[in-house]
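Visitor: Could you take me on a close look at one part of this model, the place where the two domains meet? I'd like the cut-offs along the way, please.

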Amino acid sequence: MSKVLVTGGCGFIGSHIVEHLLNTNQEVVVLDDLSTGSRSNLPTHENLNIIIGSVLDKEAVNEAVQGVDLILHMASYVGMKLVYKEPAQSYNVSKIGTENILKASGDTPILLFSTSAVYGLAATTDISEDNKISLERAQSYDGDVKSYSSGKWELEQLGHQAIAAGRKVMIIRPFNVIGERQSAAYGMVVPNFMKNCNTGIPLTIYDDGEQTRSFSCVKTFTKTIFKLLESDDAWVSPNNIINIGSHHIISINKLAHYIKTKMQASSPIEYIPYDTIFPNKKDVRHRIPDTKLLTKLVGEVNWPTVEEIIDGLLVHERATAQAR
Ligand SMILES: NC(=O)c1ccc[n+]([C@@H]2O[C@H](COP(=O)([O-])OP(=O)(O)OC[C@H]3O[C@@H](n4cnc5c(N)ncnc54)[C@H](O)[C@@H]3O)[C@@H](O)[C@H]2O)c1
(Lines give C-alpha, C1' and ligand atoms only; values in the text may rest on other atoms or scores of the structure.)
Protein backbone atom coordinates (compact mmCIF):
# COMPACT_ATOMS: atom_id res chain seq x y z
CA MET A 1 0.00 0.00 0.00
CA SER A 2 1.39 3.42 -0.84
CA LYS A 3 0.55 6.73 0.77
CA VAL A 4 -0.63 9.50 -1.55
CA LEU A 5 -1.15 13.19 -0.79
CA VAL A 6 -3.93 14.88 -2.76
CA THR A 7 -3.98 18.66 -2.34
CA GLY A 8 -7.40 20.06 -3.22
CA GLY A 9 -8.83 16.56 -2.69
CA CYS A 10 -12.21 17.85 -1.40
CA GLY A 11 -12.91 19.49 -4.77
CA PHE A 12 -14.70 18.16 -7.82
CA ILE A 13 -11.85 16.32 -9.60
CA GLY A 14 -10.04 15.64 -6.32
CA SER A 15 -13.00 13.71 -4.94
CA HIS A 16 -12.96 11.33 -7.94
CA ILE A 17 -9.20 10.88 -7.65
CA VAL A 18 -9.45 10.14 -3.91
CA GLU A 19 -12.31 7.71 -4.53
CA HIS A 20 -10.15 5.81 -7.03
CA LEU A 21 -7.19 5.72 -4.61
CA LEU A 22 -9.34 4.37 -1.76
CA ASN A 23 -10.92 1.78 -4.08
CA THR A 24 -7.45 0.56 -5.02
CA ASN A 25 -6.46 0.26 -1.37
CA GLN A 26 -4.09 3.22 -1.07
CA GLU A 27 -3.64 5.33 2.01
CA VAL A 28 -4.69 8.91 1.26
CA VAL A 29 -3.93 12.26 2.85
CA VAL A 30 -5.95 15.25 1.65
CA LEU A 31 -4.93 18.86 2.25
CA ASP A 32 -7.77 21.24 1.43
CA ASP A 33 -8.89 24.58 2.84
CA LEU A 34 -12.50 24.03 1.66
CA SER A 35 -12.52 27.34 -0.21
CA THR A 36 -14.38 25.76 -3.14
CA GLY A 37 -14.35 22.11 -2.10
CA SER A 38 -16.55 20.40 0.42
CA ARG A 39 -15.94 17.80 3.12
CA SER A 40 -19.12 16.06 1.97
CA ASN A 41 -17.50 15.27 -1.41
CA LEU A 42 -15.43 12.61 0.35
CA PRO A 43 -16.42 9.56 2.36
CA THR A 44 -15.32 8.71 5.86
CA HIS A 45 -12.74 5.93 5.44
CA GLU A 46 -10.10 4.35 7.65
CA ASN A 47 -7.44 4.97 4.97
CA LEU A 48 -8.31 8.63 4.52
CA ASN A 49 -6.88 11.50 6.57
CA ILE A 50 -8.26 14.94 5.72
CA ILE A 51 -6.25 17.94 6.87
CA ILE A 52 -8.28 21.13 6.65
CA GLY A 53 -5.65 23.71 5.82
CA SER A 54 -4.09 25.74 3.06
CA VAL A 55 -1.16 25.01 0.75
CA LEU A 56 -0.15 28.59 1.65
CA ASP A 57 0.39 27.49 5.26
CA LYS A 58 3.85 25.92 5.57
CA GLU A 59 2.97 24.12 8.81
CA ALA A 60 -0.07 22.46 7.27
CA VAL A 61 2.02 21.53 4.21
CA ASN A 62 4.77 20.00 6.38
CA GLU A 63 2.21 17.91 8.22
CA ALA A 64 0.56 16.78 4.97
CA VAL A 65 3.73 15.59 3.18
CA GLN A 66 4.92 13.34 6.02
CA GLY A 67 5.73 9.84 4.72
CA VAL A 68 3.98 10.18 1.36
CA ASP A 69 5.19 8.26 -1.73
CA LEU A 70 3.37 10.35 -4.32
CA ILE A 71 1.79 13.82 -4.48
CA LEU A 72 -1.12 14.83 -6.69
CA HIS A 73 -1.12 18.62 -6.41
CA MET A 74 -4.39 20.17 -7.55
CA ALA A 75 -5.25 22.72 -4.84
CA SER A 76 -6.28 25.79 -6.79
CA TYR A 77 -8.73 28.68 -6.91
CA VAL A 78 -10.92 27.55 -9.82
CA GLY A 79 -13.95 29.01 -11.63
CA MET A 80 -14.09 32.21 -13.65
CA LYS A 81 -16.42 34.05 -11.25
CA LEU A 82 -14.18 33.40 -8.26
CA VAL A 83 -10.93 33.97 -10.12
CA TYR A 84 -12.18 37.25 -11.57
CA LYS A 85 -13.14 38.47 -8.10
CA GLU A 86 -9.90 37.39 -6.42
CA PRO A 87 -7.06 37.35 -8.96
CA ALA A 88 -4.21 37.73 -6.45
CA GLN A 89 -5.40 34.83 -4.32
CA SER A 90 -5.81 32.68 -7.40
CA TYR A 91 -2.26 33.51 -8.56
CA ASN A 92 -0.75 32.98 -5.11
CA VAL A 93 -2.41 29.64 -4.40
CA SER A 94 -0.79 28.26 -7.55
CA LYS A 95 2.59 29.99 -7.29
CA ILE A 96 3.30 30.07 -3.56
CA GLY A 97 1.26 26.94 -2.81
CA THR A 98 3.27 24.94 -5.36
CA GLU A 99 6.55 26.39 -4.06
CA ASN A 100 5.58 25.30 -0.53
CA ILE A 101 4.59 21.79 -1.59
CA LEU A 102 7.72 21.25 -3.71
CA LYS A 103 10.07 22.55 -1.00
CA ALA A 104 8.54 20.54 1.81
CA SER A 105 8.44 17.21 0.00
CA GLY A 106 12.08 16.52 -0.96
CA ASP A 107 12.21 14.34 -4.06
CA THR A 108 8.78 12.70 -3.80
CA PRO A 109 7.30 12.19 -7.30
CA ILE A 110 4.67 14.83 -7.97
CA LEU A 111 1.88 15.36 -10.49
CA LEU A 112 1.14 19.07 -11.00
CA PHE A 113 -2.29 20.13 -12.26
CA SER A 114 -1.88 22.98 -14.72
CA THR A 115 -4.61 24.02 -17.18
CA SER A 116 -5.39 24.59 -20.85
CA ALA A 117 -5.69 28.26 -19.86
CA VAL A 118 -1.87 28.54 -20.02
CA TYR A 119 -2.30 28.60 -23.83
CA GLY A 120 -3.94 32.01 -23.35
CA LEU A 121 -6.53 33.13 -25.87
CA ALA A 122 -5.27 30.83 -28.65
CA ALA A 123 -8.25 30.52 -30.97
CA THR A 124 -7.19 27.23 -32.43
CA THR A 125 -9.03 23.94 -32.37
CA ASP A 126 -5.89 21.87 -32.09
CA ILE A 127 -3.58 23.08 -29.34
CA SER A 128 -0.52 20.90 -28.93
CA GLU A 129 2.06 20.88 -26.16
CA ASP A 130 4.61 22.18 -28.73
CA ASN A 131 2.71 25.47 -28.71
CA LYS A 132 5.06 27.79 -26.89
CA ILE A 133 3.54 29.26 -23.76
CA SER A 134 4.73 32.35 -21.93
CA LEU A 135 3.73 34.42 -18.91
CA GLU A 136 2.46 37.08 -21.31
CA ARG A 137 0.32 34.58 -23.17
CA ALA A 138 -1.06 33.05 -19.98
CA GLN A 139 -1.77 36.52 -18.65
CA SER A 140 -3.76 37.45 -21.77
CA TYR A 141 -6.28 34.84 -20.62
CA ASP A 142 -6.41 36.53 -17.21
CA GLY A 143 -7.27 39.94 -18.73
CA ASP A 144 -3.66 41.13 -18.36
CA VAL A 145 -3.51 40.78 -14.58
CA LYS A 146 -1.79 38.01 -12.67
CA SER A 147 -4.46 35.50 -11.81
CA TYR A 148 -5.43 31.86 -12.42
CA SER A 149 -3.65 31.22 -15.68
CA SER A 150 -0.50 33.17 -14.78
CA GLY A 151 -0.38 31.27 -11.48
CA LYS A 152 -0.51 27.98 -13.38
CA TRP A 153 2.27 29.22 -15.67
CA GLU A 154 4.35 29.81 -12.50
CA LEU A 155 3.42 26.32 -11.29
CA GLU A 156 4.79 24.91 -14.55
CA GLN A 157 8.03 26.91 -14.19
CA LEU A 158 8.48 25.52 -10.67
CA GLY A 159 7.88 22.06 -12.13
CA HIS A 160 10.60 22.63 -14.77
CA GLN A 161 13.07 23.73 -12.08
CA ALA A 162 12.34 20.57 -10.09
CA ILE A 163 12.76 18.41 -13.23
CA ALA A 164 16.10 20.11 -13.93
CA ALA A 165 17.14 19.22 -10.38
CA GLY A 166 16.39 15.56 -11.14
CA ARG A 167 12.94 15.19 -9.58
CA LYS A 168 10.15 13.03 -11.04
CA VAL A 169 7.53 15.58 -12.10
CA MET A 170 4.56 15.29 -14.45
CA ILE A 171 2.54 18.34 -15.52
CA ILE A 172 -0.94 17.90 -16.94
CA ARG A 173 -3.11 20.46 -18.73
CA PRO A 174 -6.78 19.48 -18.42
CA PHE A 175 -9.37 20.88 -20.89
CA ASN A 176 -12.90 21.39 -19.41
CA VAL A 177 -13.64 18.41 -17.20
CA ILE A 178 -17.29 17.89 -16.17
CA GLY A 179 -19.31 15.41 -14.14
CA GLU A 180 -20.82 14.58 -10.78
CA ARG A 181 -19.97 16.92 -7.89
CA GLN A 182 -18.88 19.86 -10.07
CA SER A 183 -20.13 22.99 -8.35
CA ALA A 184 -22.37 25.50 -10.13
CA ALA A 185 -21.24 28.26 -7.78
CA TYR A 186 -18.17 29.56 -9.64
CA GLY A 187 -19.29 29.88 -13.25
CA MET A 188 -18.84 26.37 -14.71
CA VAL A 189 -21.18 26.18 -17.68
CA VAL A 190 -22.69 22.67 -17.50
CA PRO A 191 -23.67 22.62 -13.79
CA ASN A 192 -24.92 26.20 -14.22
CA PHE A 193 -27.19 25.39 -17.15
CA MET A 194 -28.51 22.30 -15.33
CA LYS A 195 -29.17 24.23 -12.14
CA ASN A 196 -30.99 26.99 -14.02
CA CYS A 197 -33.08 24.45 -15.95
CA ASN A 198 -34.14 22.92 -12.63
CA THR A 199 -35.39 26.27 -11.37
CA GLY A 200 -36.68 27.80 -14.64
CA ILE A 201 -34.31 30.76 -14.57
CA PRO A 202 -32.63 31.93 -17.80
CA LEU A 203 -29.57 30.23 -19.28
CA THR A 204 -27.03 33.00 -19.90
CA ILE A 205 -24.84 32.65 -22.97
CA TYR A 206 -21.91 34.97 -23.55
CA ASP A 207 -21.62 36.71 -26.94
CA ASP A 208 -23.12 34.74 -29.88
CA GLY A 209 -22.82 31.28 -28.29
CA GLU A 210 -20.91 29.93 -31.29
CA GLN A 211 -17.73 29.51 -29.24
CA THR A 212 -16.85 25.81 -28.97
CA ARG A 213 -15.52 23.60 -26.22
CA SER A 214 -14.74 19.94 -25.74
CA PHE A 215 -15.95 18.52 -22.45
CA SER A 216 -14.26 15.57 -20.78
CA CYS A 217 -15.98 13.12 -18.47
CA VAL A 218 -14.40 13.19 -15.01
CA LYS A 219 -14.57 9.40 -14.68
CA THR A 220 -12.64 8.85 -17.93
CA PHE A 221 -10.31 11.69 -16.96
CA THR A 222 -9.56 10.01 -13.61
CA LYS A 223 -8.81 6.63 -15.24
CA THR A 224 -6.52 8.41 -17.71
CA ILE A 225 -4.59 10.10 -14.89
CA PHE A 226 -3.91 6.75 -13.24
CA LYS A 227 -2.76 5.22 -16.54
CA LEU A 228 -0.34 8.12 -16.93
CA LEU A 229 0.95 7.69 -13.39
CA GLU A 230 1.75 4.07 -14.21
CA SER A 231 3.51 4.92 -17.48
CA ASP A 232 7.30 5.25 -17.03
CA ASP A 233 7.49 7.24 -20.28
CA ALA A 234 5.04 9.88 -19.02
CA TRP A 235 7.49 10.88 -16.28
CA VAL A 236 10.30 11.51 -18.73
CA SER A 237 10.96 14.84 -20.45
CA PRO A 238 9.68 15.94 -23.01
CA ASN A 239 6.70 13.58 -22.52
CA ASN A 240 5.87 14.89 -19.07
CA ILE A 241 3.78 17.93 -20.05
CA ILE A 242 0.52 16.50 -21.25
CA ASN A 243 -2.78 17.85 -22.61
CA ILE A 244 -5.76 15.83 -21.37
CA GLY A 245 -9.18 16.24 -22.93
CA SER A 246 -11.78 14.99 -25.33
CA HIS A 247 -12.15 15.88 -29.02
CA HIS A 248 -15.93 15.94 -29.08
CA ILE A 249 -16.69 19.56 -29.91
CA ILE A 250 -19.90 21.39 -29.10
CA SER A 251 -20.91 25.04 -29.34
CA ILE A 252 -22.35 26.70 -26.24
CA ASN A 253 -25.60 27.28 -28.17
CA LYS A 254 -25.97 23.56 -28.89
CA LEU A 255 -25.04 22.70 -25.32
CA ALA A 256 -27.72 25.01 -23.91
CA HIS A 257 -30.39 23.65 -26.25
CA TYR A 258 -29.45 20.03 -25.52
CA ILE A 259 -29.65 20.50 -21.74
CA LYS A 260 -32.87 22.51 -21.99
CA THR A 261 -34.56 19.91 -24.20
CA LYS A 262 -33.40 16.94 -22.13
CA MET A 263 -34.60 18.59 -18.93
CA GLN A 264 -37.86 19.80 -20.55
CA ALA A 265 -37.09 23.18 -19.02
CA SER A 266 -38.97 26.41 -19.53
CA SER A 267 -35.83 28.53 -18.94
CA PRO A 268 -35.37 31.18 -21.65
CA ILE A 269 -31.94 31.55 -23.24
CA GLU A 270 -30.44 35.03 -22.99
CA TYR A 271 -27.35 36.46 -24.65
CA ILE A 272 -25.02 38.99 -23.06
CA PRO A 273 -21.63 40.35 -24.13
CA TYR A 274 -18.84 38.56 -22.23
CA ASP A 275 -17.21 41.82 -21.19
CA THR A 276 -20.31 43.09 -19.38
CA ILE A 277 -19.69 40.33 -16.81
CA PHE A 278 -15.90 40.20 -17.06
CA PRO A 279 -14.69 43.69 -18.14
CA ASN A 280 -11.17 43.70 -19.66
CA LYS A 281 -11.28 39.95 -20.23
CA LYS A 282 -11.81 38.08 -23.46
CA ASP A 283 -13.46 34.70 -23.89
CA VAL A 284 -11.61 31.93 -25.68
CA ARG A 285 -13.30 31.22 -29.01
CA HIS A 286 -12.28 27.56 -29.34
CA ARG A 287 -10.45 25.34 -26.93
CA ILE A 288 -9.86 21.82 -28.21
CA PRO A 289 -6.73 19.84 -27.32
CA ASP A 290 -4.30 18.06 -29.54
CA THR A 291 -3.84 14.79 -27.64
CA LYS A 292 -1.31 12.97 -29.82
CA LEU A 293 1.09 12.79 -26.88
CA LEU A 294 -1.57 11.41 -24.54
CA THR A 295 -2.49 8.75 -27.12
CA LYS A 296 1.16 7.82 -27.52
CA LEU A 297 1.49 7.36 -23.75
CA VAL A 298 -1.74 5.57 -22.81
CA GLY A 299 -3.39 4.61 -26.12
CA GLU A 300 -6.62 6.01 -27.56
CA VAL A 301 -8.90 7.32 -24.79
CA ASN A 302 -12.57 6.49 -25.33
CA TRP A 303 -14.15 9.79 -24.23
CA PRO A 304 -17.96 9.83 -23.96
CA THR A 305 -19.65 12.66 -25.87
CA VAL A 306 -20.95 15.63 -23.90
CA GLU A 307 -24.50 14.44 -24.62
CA GLU A 308 -23.68 11.06 -23.04
CA ILE A 309 -22.15 12.76 -20.01
CA ILE A 310 -25.23 14.97 -19.55
CA ASP A 311 -27.58 11.97 -19.92
CA GLY A 312 -25.56 10.20 -17.19
CA LEU A 313 -25.69 13.27 -14.94
CA LEU A 314 -29.49 13.44 -15.32
CA VAL A 315 -29.87 9.75 -14.43
CA HIS A 316 -27.67 10.34 -11.39
CA GLU A 317 -29.61 13.48 -10.40
CA ARG A 318 -32.96 11.63 -10.58
CA ALA A 319 -31.63 8.64 -8.61
CA THR A 320 -30.27 10.99 -5.91
CA ALA A 321 -33.58 12.88 -5.73
CA GLN A 322 -35.52 9.61 -5.38
CA ALA A 323 -33.22 8.38 -2.62
CA ARG A 324 -33.93 11.51 -0.52
N1 LIG B 1 -12.40 21.26 -13.88
C2 LIG B 1 -11.73 21.59 -14.98
O3 LIG B 1 -12.29 21.63 -16.07
C4 LIG B 1 -10.26 21.91 -14.93
C5 LIG B 1 -9.63 22.36 -16.10
C6 LIG B 1 -8.28 22.66 -16.05
C7 LIG B 1 -7.57 22.50 -14.89
N8 LIG B 1 -8.20 22.06 -13.77
C9 LIG B 1 -7.40 21.92 -12.54
O10 LIG B 1 -7.78 20.75 -11.86
C11 LIG B 1 -7.68 20.96 -10.44
C12 LIG B 1 -8.98 20.61 -9.75
O13 LIG B 1 -10.01 21.47 -10.23
P14 LIG B 1 -11.56 21.25 -9.89
O15 LIG B 1 -12.32 21.50 -11.13
O16 LIG B 1 -11.75 19.99 -9.17
O17 LIG B 1 -11.84 22.50 -8.94
P18 LIG B 1 -12.35 22.56 -7.43
O19 LIG B 1 -12.52 24.00 -7.11
O20 LIG B 1 -13.53 21.69 -7.26
O21 LIG B 1 -11.11 21.96 -6.64
C22 LIG B 1 -10.04 22.74 -6.14
C23 LIG B 1 -9.84 22.36 -4.69
O24 LIG B 1 -8.72 23.08 -4.18
C25 LIG B 1 -9.06 23.56 -2.88
N26 LIG B 1 -8.23 24.73 -2.56
C27 LIG B 1 -8.31 25.98 -3.08
N28 LIG B 1 -7.37 26.78 -2.51
C29 LIG B 1 -6.69 26.00 -1.64
C30 LIG B 1 -5.62 26.24 -0.75
N31 LIG B 1 -5.05 27.46 -0.66
N32 LIG B 1 -5.15 25.22 -0.01
C33 LIG B 1 -5.72 23.99 -0.06
N34 LIG B 1 -6.76 23.71 -0.89
C35 LIG B 1 -7.23 24.70 -1.66
C36 LIG B 1 -10.53 23.88 -2.96
O37 LIG B 1 -11.17 23.97 -1.69
C38 LIG B 1 -11.03 22.70 -3.81
O39 LIG B 1 -11.38 21.62 -3.00
C40 LIG B 1 -7.28 22.42 -10.25
O41 LIG B 1 -5.88 22.49 -10.08
C42 LIG B 1 -7.66 23.07 -11.58
O43 LIG B 1 -6.88 24.19 -11.87
C44 LIG B 1 -9.54 21.79 -13.75
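Guide: Let's start with the interface itself: domain 1 and domain 2 bury about 2200 Å² between them, and carbon and sulfur atoms give 70% of that. Buried area here is the accessible area (1.4 Å probe) that two parts lose on being put together, summed over both. Before going on, a word on provenance: this is a predicted model, where local features need pLDDT of at least 70, side-chain atom pairs count only at pLDDT 80 or more, and totals for chains, interfaces and linings use all residues. Residues are numbered from 1 along each chain as its sequence is written, and side-chain values use heavy atoms, with hydrogens and water left out.

So who is who? Domain 1 covers 3–178 + 217–245, while domain 2 covers 189–211 + 248–289 + 298–323; such bounds come from an automatic or database domain assignment. Their centres, taken over C-alpha atoms, sit 24 Å apart. Domain 1 puts 27 residues into the contact and domain 2 puts in 22, with contact meaning heavy atoms within 4.5 Å.

What about polar chemistry across the gap? The rule finds 0 salt bridges between domain 1 and domain 2, a salt bridge being a side-chain nitrogen of Lys or Arg within 4 Å of a carboxyl oxygen of Asp or Glu. There are, however, 6 residue pairs in polar contact, both partners at pLDDT 80 or more. A polar contact is a pair of N or O atoms within 3.5 Å; within protein, one must be able to donate a hydrogen and the other to accept it, and residues adjacent in sequence count only if both atoms are side-chain atoms.

On the domain 1 side, helix 3 (80–85), helix 8 (218–230) and strand 11 (241–244) each supply at least two of the residues that touch domain 2. Helix 8 gives the largest share, 5 residues. (Helices, H or I with at least four residues, and strands, E with at least two, are DSSP runs numbered from the N terminus.) By type, that side of domain 1 divides into 13 nonpolar, 10 polar and 4 charged residues. The nonpolar class is Ala, Val, Leu, Ile, Met, Phe, Trp, Tyr, Cys and Pro, the charged one is Asp, Glu, Lys and Arg, and the others, Gly among them, are polar.

Follow the chain on from helix 8 and there's a backbone oddity. Proline 238 lies in the loop between helix 8 and strand 11, and a cis peptide bond, omega about 5°, joins serine 237 to proline 238. For context, most peptide bonds are trans, and most residues other than glycine have a negative phi. Arginine 181 goes against the second habit, with a positive phi of about 80°; this arginine 181 is in the loop between strand 7 and helix 7.
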